[in-house]
Amino acid sequence: MHRLPLEGIRVVDFTQIQAGPQATLWLAVMGAEVVKIESRERPDLLRRYTQARDGRGDLGPNQSAPFAALNLGKKGCTLNLTQPRAVELAKDITRLSDVVVENFSSGVMERLGLDYPSLKKVKSDIIMLSTSGLGRTGPEKSYLAYAAIIHAFSGLSSLSGYPGERPNLMGMMWSDVLAAQTGAFAVLAALHYRARTGQGQFIDLAMSEATIAAIPEAIMDYTMNQRVRECEGNRNDIMAPHGCYPCQGEDKWVAIAVANDEEWQAFCRAIGNPPWTKEEKFKSQLS
């Protein structure tokens, strides 16, 4: 049986909600042993999402489906980190580990004595991923932020919606997902670097930067042309047609995305090559 790529790697997980837990989840899926540390006084907030839909009420902190989905395959440990002995135990676990991941607000790990300089003294080659809304340095480092705030801060919300309408926050917390994805890959790169050099490192990951990296066209358009993009609905700069279109019948729709001239010709054949498809403006993708 093949070994998973991160077998033998231990991760100390101080995270909660989604961005942090999803990053460590992917590390666990790749074979890492993830030890999630919580406090009974302040457990992961996702444990509160336990309301049963059948009217049975709150099912308790161990019955949260979102929590289970983002923390499967992990080990659990409760430590009250306001107590000196608990901090020492956390350092003992770190001494036996390879990676530490946290997404507290700025200053929390420093006050606990579990920041990167402190943990580096415990294990010189430790890798630490610190995820926050706006990064751990700069004038905005102390701002608290969930994904919806980062959507607005990054400009992602201003691109989501239909032309002429107000921006919206979308139905998915994309900044959490993007930060988790970026964080997991950053940890893999740091592990590769450590294998080559023997050195650990500190990774300062801002959710805002991970989100901005997902909208490069809008950023470059403003940088190069000073154009501020507006909501475009399902339109695409290159692909056409591109969108969801109504069909005959009640609430019937079809999603169409044509990426190049070859797909356009196939699309024309599929709809019977009507005369309008021969118009000059549809001659090629660049027309």
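This report describes the nonpolar cores, the packing of helices H6 and H7, and some backbone features of a predicted model.

**Nonpolar cores**

The largest nonpolar core of the model comprises 24 residues, and those with the most contacts inside it are Ile9, Val11, Ala32, Val99, Val187 and Leu191. At least two residues of this core come from each of helix H1 (19-29), strand E4 (99-102), strand E5 (127-132), helix H6 (147-154), helix H7 (174-197), strand E6 (201-206) and helix H8 (207-212). Among these elements, H7 gives the most to the core, with 5 residues.

The surroundings of Val99 illustrate how parts of the chain come together in this region. When its neighbours within four places in sequence are left aside, Val99 is in contact with Ile9, Arg10, Val11 and Val12, with Ile126 and Ile127, and with Val187 and Leu191. A second core, separate from the one just described, has 16 residues, including Ile37, Met109, Leu114 and Tyr116.

**Helices H6 and H7**

Two packed helices are described by the angle between their axes and the distance between the axes. For H6 and H7, the axes come within 7 Å and cross at roughly 90°, and the two helices are therefore roughly perpendicular to each other. On the H6 side the contact involves Ala147, Ile150 and His151, which meet Trp174, Ser175 and Asp176 of H7. By character, the residues of this contact divide into 3 nonpolar, 2 polar and 1 charged.

The buried residues of H6 are Ala147, Ile150, His151 and Ser154. These residues cover an arc of only 110° around the axis, which puts them on the same side of H6. An α-helix has 3.6 residues a turn, so residues three or four places apart point the same way. The cover over the buried residues of H6 includes both H7 and H8.

**From H6 to H7**

Just after H6, Gly155 adopts a positive phi of about 100°. Further along, the loop between H6 and H7 contains Met170, which counts as partly exposed because its relative accessibility is 26%. Leaving aside neighbours within four places in sequence, Met170 is in contact with His151, Leu156 and Ser160; His151 is also one of the H6 residues that meet H7. Computed along the sequence, Met170 and Ala148 are 22 residues apart, while their C-alpha atoms are 8.8 Å apart in space.

**Backbone features elsewhere**

The table lists two residues that have a positive phi although they are not glycines, together with their locations.

| Residue | Phi | Location |
|---|---|---|
| Ile17 | about 65° | loop between strand E1 (10-13) and H1 |
| Asn273 | about 50° | segment after helix H10 (261-270) |

Of Asn273 it can be added that this residue counts as partly exposed, because its relative accessibility is 37%. Ile17, for its part, lies in the loop that leads from strand E1 to H1, and H1 is one of the elements that supply at least two residues to the largest nonpolar core.

A further backbone feature is the cis peptide bond that joins Ala240 and Pro241, for which omega is about -5°. Pro241 is placed in the loop between helix H9 (216-225) and strand E7 (242-246).

Key. Residues numbered from 1 in each chain as written. Predicted model: local features only at pLDDT ≥ 70, side-chain atom pairs only at ≥ 80, totals over all residues. Heavy atoms only, no water. Core = buried A, V, L, I, M, F, W, Y, C linked by side-chain atoms within 4.5 Å. Buried < 20%, exposed > 50% of the residue type's maximum accessible area, 1.4 Å probe, protein only. Helix = DSSP H or I, 4+ residues; strand = E, 2+ residues; numbered from the N terminus. Contact = heavy atoms within 4.5 Å. Axes fitted to C-alpha atoms, helices over the stretch in contact; angles between N-to-C directions. Parallel < 35°, antiparallel > 145°, perpendicular 65-115°, else oblique. Nonpolar A, V, L, I, M, F, W, Y, C, P; charged D, E, K, R; others polar. Arc of directions from axis to C-beta.
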